[in-house]
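Got your viewer open? Let's take a walk through this model, one selection at a time.

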Amino acid sequence: MTETALGWDHALSLRAQGAGDDELATILGGAPPGVLAVTGGFPNPGTFPEGVLDEIAGRLVRDDRGVALQYSPSAGVPSVRDYLVERQAQLQGRRPQLAELMVTSGGMECLELVSRSLLDPGDDVAVEGPTYLGAIMVFLGHRAQLTAVGTDAGGMLVDDLRARLEAGYRPKFVYTIPDYQNPSGRTLGLDRRRALVETCRRHGVVILEDVAYRETAYDGAPLPSLWSLAPDVVIQAGTFSKVFFPGVRLGWATGPAELIRALVAAKQTTDQCAGALGQRMVEEYGRAGHFERQLPAARAFYASQWTATRAALDAHLAAHCSWSEPTGGFFTWLTLPEGLDTTRLRPAAVEAGVTYVPGRPFHVDGGGARELRFSFSLLSEPDLDLAVRRLAGVVERALQPAAGGVP
Ligand code: PMP
């Protein structure tokens, strides 16, 4: 292997030079042996489909070679789009026109396609504070200006956004994760959903609605999607990563036909089409009714994970911390006592055998110093308890003045 004396920095684009956050990659990249990680947003492999995928894949590879093994149209395999139209009608109570829906290579690609289609350098995007890191990275990659809208237990503070829009603020779009948000676990209430779509409609601002966790509602009954309330102003980014499996890399976009047309055009310079084999697998799996059979078990599993986490938080951290109460999804959001800093505490936490993602990277305005994301999707229930106990020990030690903590 040869290497130039200067390395390869000079070869990187400006965009690539700005992209590498090594610390974050380390945090998200797995834990040393013996350290319990509540870091990742990974679905639990125990929820992945079992017993049917080999039959479906075998049948497609044998009998559907011309479609499943071939390139597909950029908007998706026609029969898959038909299925997704039906699925939207069934799950969200509104049937998109065919021209209002496309297949994407996961939710991430949908965020990329929307950014390519709507953003010029310097354009503003309104995001929740905190919001999904992957989205922040995509928008910054398009050199957008990110503006935080605050949140509370009921999700985005829509009144604040409305006041700013009324004062002349004009983002290119508002990005929101209304259901069991990553990272906070919070859900946008129904009145705020109505207020958000009405406000954005009035001011001609597009909403990008990310429904990554929507189908993990513990009671199986999420609130109406923003897209179902206002298909004229909302682009919805959906994914099969949490309800099927992330390895399939599949999602959808649904929204105004004119915008979907732009996204389909943008897809011609990302991957041209999502993998047809995965598309057909989702379709066959779904048409056979397997989602209805499998999802209740996945929801019950995550609900139980949260119950175990909450019991541990109540038992060990209630004296010092507060946390969000998710009703779906994988995350709770912890707030530590005044003066503590979750980034600075991380080495002590790793030392104590637990690792988490600090709150700051999820905020675009420098906030979140004493917040952290706690993901309960992957660990066993006894390990969740142990992780919380270890975290409580770290917090207690940091609060003792002798330990150099907060006086
Ligand atoms: N949006 C949110 C809020 C997510 O948490 C994730 C995955 N962690 C995605 C989008 C991307 O999902 P996908 O695997 O479909 O790219």
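Start by selecting L334, which you'll find in strand β11, the stretch covering residues 331-335. Before you go on, keep in mind that this is a predicted model. Now switch on a surface and look for L334 again: is this residue buried or exposed? L334 counts as buried, because its relative accessibility is 0%, and the cut-off for buried is under 20%. Next, add D159 to your selection and draw a line between the two C-alpha atoms. L334 and D159 are 175 residues apart in sequence, and your line should span 24 Å in space.

**Next stop: a loop**

Select G353. Which two elements does its loop connect? G353 sits in the loop between α14 (342-352) and β12 (354-355). This glycine has a relative accessibility of 6%, so it counts as buried too. Try the C-alpha trick again, this time with A387 as the partner. Along the chain, G353 and A387 are 34 residues apart, while their C-alpha atoms are separated by 7.6 Å.

**Then a helix**

Now highlight helix α7, residues 133-141. Colour L133, G134, A135, I136, V138 and F139 in one shade: these residues of α7 are buried. Then step just past the end of α7 to R143, and check its backbone angles: phi is positive here, at about 55°.

**Last stop: the ligand**

Click on the ligand and show what surrounds it. How many residues are around the ligand? There are 13, and G107, D210, Y213, T239 and S241 come nearest. Sort that shell by class and you get 5 nonpolar, 5 polar and 3 charged residues. Helix α6 (residues 106-118) gives the largest share of the shell, with 3 residues.

Now zoom in on some individual atom pairs:

- Pick M108: a polar atom of its backbone is 3.0 Å from an oxygen atom of the ligand.
- Pick K242: an N or O atom in its side chain is 3.1 Å from a nitrogen atom of the ligand.
- Pick R249: an N or O atom in its side chain is 2.8 Å from an oxygen atom of the ligand.

With those contacts on screen, how much of the ligand does the protein bury? Taken alone, the ligand exposes 400 Å², and the protein buries 91% of that. To finish, turn on a pocket display if your viewer has one: the ligand sits in the largest pocket.

Technical notes:
Residues are numbered from 1 along each chain as its sequence is written. This is a predicted model: local features need pLDDT of at least 70, side-chain atom pairs count only at pLDDT 80 or more; totals for chains, interfaces and linings use all residues. Side-chain values use heavy atoms; hydrogens and water are left out. A residue is near a molecule or strand if one of its heavy atoms lies within 4 Å of it. A polar contact is a pair of N or O atoms within 3.5 Å; within protein, one must be able to donate a hydrogen and the other to accept it, and residues adjacent in sequence count only if both atoms are side-chain atoms. Accessible areas come from the Shrake-Rupley method with a 1.4 Å probe; for residues, only the protein chains shown count as cover. On a 1 Å grid over the protein atoms alone, a cavity is a set of points where a 1.4 Å probe fits but cannot get out, and a pocket is an open set with protein on both sides within 12 Å along at least five of seven lines; lining residues have an atom within 4 Å of a point. A molecule sits in a cavity or pocket if more than half of its atoms lie within 2 Å of its grid points. Helices (H or I, at least four residues) and strands (E, at least two) are DSSP runs, numbered from the N terminus. Ala, Val, Leu, Ile, Met, Phe, Trp, Tyr, Cys and Pro count as nonpolar, Asp, Glu, Lys and Arg as charged, and the others, Gly among them, as polar. Buried means under 20% relative accessible area, exposed over 50%, partly exposed in between (1.4 Å probe, protein chains only).
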